Amino acid sequence: MDDFAVIGSGIGGSCSALFLSKKFQTTLYEKASYLGGCASTFKHQKVFYNTGATTFAGYEKDAYMYGFFERHHINFHKKLLPSALTVCINGKKIVRFQEMNAFLDEINPVFYHSKNKDFYTLVQQINKDFFAINDYYYSNASLFEKVKSLASFKTLLMKFYPYFFVNAQSFIQNYFGTIDEKYLDYLDNQLLIVAQARLHEVNFLTAALALSYQFMDNYYIFGGMGSIFDTIAQKLTHIQSNTSIEKITKTSSCFILHTSKNEFKAKNIVLNTSLFDAKSLFTDTKTKEYLNHYASFNKDISAFMVYLQIDTPKTFEHHYQIILDQPIKYTTSNSLFVSFGDKDDERMKQSVTISVHTQTHLSENDQKLEQKMELEDIIKRIVCEHFGLEESRILNAFSATPQTFKRFINRSTVGGIPMRQENFIYRLPSNDSPIKGLYHVGDTTFAAQGWIGVMLGVRNLEKLICV
Ligand SMILES: Cc1cc2nc3c(=O)[nH]c(=O)nc-3n(C[C@H](O)[C@H](O)[C@H](O)COP(=O)(O)OP(=O)(O)OC[C@H]3O[C@@H](n4cnc5c(N)ncnc54)[C@H](O)[C@@H]3O)c2cc1C
């Protein structure tokens with residue numbers, strides 16, 4: 001019997017399996033044939049595409065993720081990008097350079113404000129100060145443990161209390177005095193891609209951390225994001241891929257994991273499945289009730305993806321956000337995120353991944369296939385027009401709906417729990433639980449989504465289990 005079974009090989013599951021396997025007999029179970037979940041890379045008709053995540057940040061030398069990868073000898077081919085992202089709005093471009101003056105030279109001609117420099121300096125400083133603090137942990141094993149762990153947030157709270165309790169939209173409006181509607185729309189869309197929420201929904205600390213994502217070192221990952229997981233897989237001896245856990249039962253001494261053909265036993269489990277989809281795995285009422293408690297965090301957020309194979313002599317930056325005047329039909333956003341493979345990346349050079357926010361019910365059944373095809377066409381048209389790309393340069397195009405995510409990685413909400421004010425830390429699901437031996441990791445659990453957020457959860461889990 002294993003000490004730990006990790007169910008799901010997303011960022012959270014794969015990295016947890018790495019640290020757990022150093023100390024405990026651990027097996028990583030994954031439904032798909034490859035690791036990575038939303039951050040995986042898949043092959044379609046001989047071409048590789050990033051499933052969802054395309055940007056990689058939070059890998060500064062003093063960051064937890066850097067230390068973690070060093071400790072576990074996870075080496076991958078990457079290059080530091082001169083700018084994190086190019087935002088296209090109002091027919092103009094804002095290149096999100098990391099360097100403050102270079103960025104101010106970009107934002108000022110599009111959205112001039114005398115307070116721009118002070119505002120972005122504040123945002124950048126909050127980011128630096130936030131990631132320098134790491135003396136906190138978060139537990140949910142019991143009320144006592146929860147209160148004790150929340151006391152560990154003392155330094156964070158003292159440093160940032162003016163930003164914890166103030167709504168981001170109000171803060172920004174007060175800070176700038178008057179601010180152009182379009183400028184607010186720009187900030188709103190920048191926030192949305194990192195925090196899955198709008199300015200009026202989050203506190204200013206969350207907004208500052210999201211808006212400063214582009215000031216961090218951003219890397220291009222050669223071979224696709226999945227190449228990080230290929231390296232992780234080499235370090236793990238016990239991986240069961242193509243293994244979907246259908247049901248989990250509990251005995252007094254262990255968990256029994258049922259697939260359609262087999263049963264596996266483990267003393268503890270780390271669930272990397274979305275918390276919203278985990279309830280159906282369990283048969284016992286206590287665990288079901290515990291998981292049900294978090295159902296209200298499900299804000300029905302998902303993504304529609306378009307994947308393109310292109311062949312063009314044109315060169316592009318790696319990442320663009322295109323902000324339009326109107327919401328895109330069938331979606332919940334007026335912006336598209338477009339990522340191009342690097343020309344020097346043999347595996348990805350023709351690959352484009354495009355994403356837009358939607359609700360989960362988009363294209364639930366065959367009757368909605370027309371809707372899916374229409375949206376794919378709309379997005380293709382926007383991208384072609386925007387980048388001056390002739391349609392004949394598109395060699396292949398296909399799309400994925402929330403149902404596709406459900407089919408491949410067992411979750412239809414993607415992107416994690418939106419960091420809204422009402423969801424703030426003390427209400428979030430923790431990486432441990434009141435159910436003995438049941439742990440969680442991933443973007444529907446503390447601390448947040450993306451490489452940076454999920455790795456903060458891995459750090460928390462490591463503190464809870466190994467210290
Ligand atoms: C469109 C999109 C764009 C994004 N862009 C970025 C970005 O640019 N940068 C960034 O840092 N983040 C980005 N994110 C967010 C980031 O991808 C996710 O927050 C992160 O990958 C989630 O990791 P996770 O640990 O929660 O696992 P998940 O990615 O949710 O993976 C869970 C894994 O568990 C497996 N699984 C589920 N149920 C079972 C079961 N019963 N049995 C076996 N296996 C199971 C699934 O197959 C899957 O592999 C993006 C997300 C999306 C959707």
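## Helix packing, strands and ligand shell

F160, Y163 and F164 of helix α6 make contact with F204, L205 and A208 of helix α9. By class, this contact of α6 with α9 consists of 6 nonpolar residues, with no polar and no charged ones. The model described here is predicted.

Helix α6 covers residues 154–164 and helix α9 covers residues 204–211; their axes come within 7 Å and cross at roughly 100°. Angles of 65 to 115 degrees count as roughly perpendicular, and α6 and α9 are therefore roughly perpendicular to each other.

Helix α9 also packs against helix α8, at an angle of about 85° and with the axes 9 Å apart. This pair, α8 and α9, is therefore roughly perpendicular too. On the α8 side the contact is made by L187, Q190, L191, V194 and A195, and on the α9 side by T206, A207, A210 and L211. The residues in the contact of α8 with α9 divide into 7 nonpolar and 2 polar, with no charged residue.

Helix α8, residues 181–195, lies across four strands: β7 (83–89), β15 (319–323), β16 (335–340) and β17. Its direction is at about 135° to that of β15.

These strands belong to an open sheet of 7 strands, in the order β8-β7-β15-β16-β17-β14-β18, with mixed pairing. The edge strands are β8 (92–97) and β18 (394–400), each of which pairs on one side only. Neighbouring strands of the sheet are turned by 20° against each other on average, direction ignored. Within the sheet, strand β14 (residues 302–310) and strand β17 (residues 351–358) run antiparallel and are joined by 8 bridges. One bridge pairs L308 with V352 in β17.

Strands β11, β12 and β13 also pair in succession. Strand β11 (residues 247–250) runs antiparallel to β12, and β12 is paired in the antiparallel sense with strand β13 (residues 263–271). In general, strands of a sheet pair through backbone hydrogen bonds, either parallel or antiparallel. The table lists the antiparallel pairs with their bridges and one pair of opposite residues for each.

| Strand pair | Bridges | Opposite residues |
|---|---|---|
| β11 and β12 | 4 bridges | K250 and F255 |
| β12 and β13 | 4 bridges | L257 and F264 |
| β14 and β17 | 8 bridges | L308 and V352 |

A hairpin is formed by β11 and β12, with 4 residues between them. Strands β12 and β13 likewise form a hairpin, with 4 residues between them.

Which side chains of β12 are buried, and which are not? In a regular strand the side chains alternate between the two faces of the sheet. Along β12, residues 255–258, F255 and L257 point to one face and are buried. I256 and H258 point to the other face and are not buried. Thus F255, the residue opposite K250, and L257, the bridge partner of F264 in β13, are on the buried face of β12.

The model also contains a ligand, with 37 residues around it. Of these, G8, G10, G12, G37 and G442 come nearest. Two elements give two or more residues to the shell around the ligand: α1 (11–23) and α15 (450–466). By class, the shell has 13 nonpolar, 20 polar and 4 charged residues.

Technical notes. Residues numbered from 1 in each chain as written. Predicted model: local features only at pLDDT ≥ 70, side-chain atom pairs only at ≥ 80, totals over all residues. Axes fitted to C-alpha atoms, helices over the stretch in contact; angles between N-to-C directions. Parallel < 35°, antiparallel > 145°, perpendicular 65-115°, else oblique. Contact = placed C-beta atoms within 7 Å. Nonpolar A, V, L, I, M, F, W, Y, C, P; charged D, E, K, R; others polar. Near = placed C-beta within 6 Å. Buried ≥ 20, exposed ≤ 12 C-beta atoms within 10 Å, placed from the backbone. Pairing = 2+ DSSP bridges.
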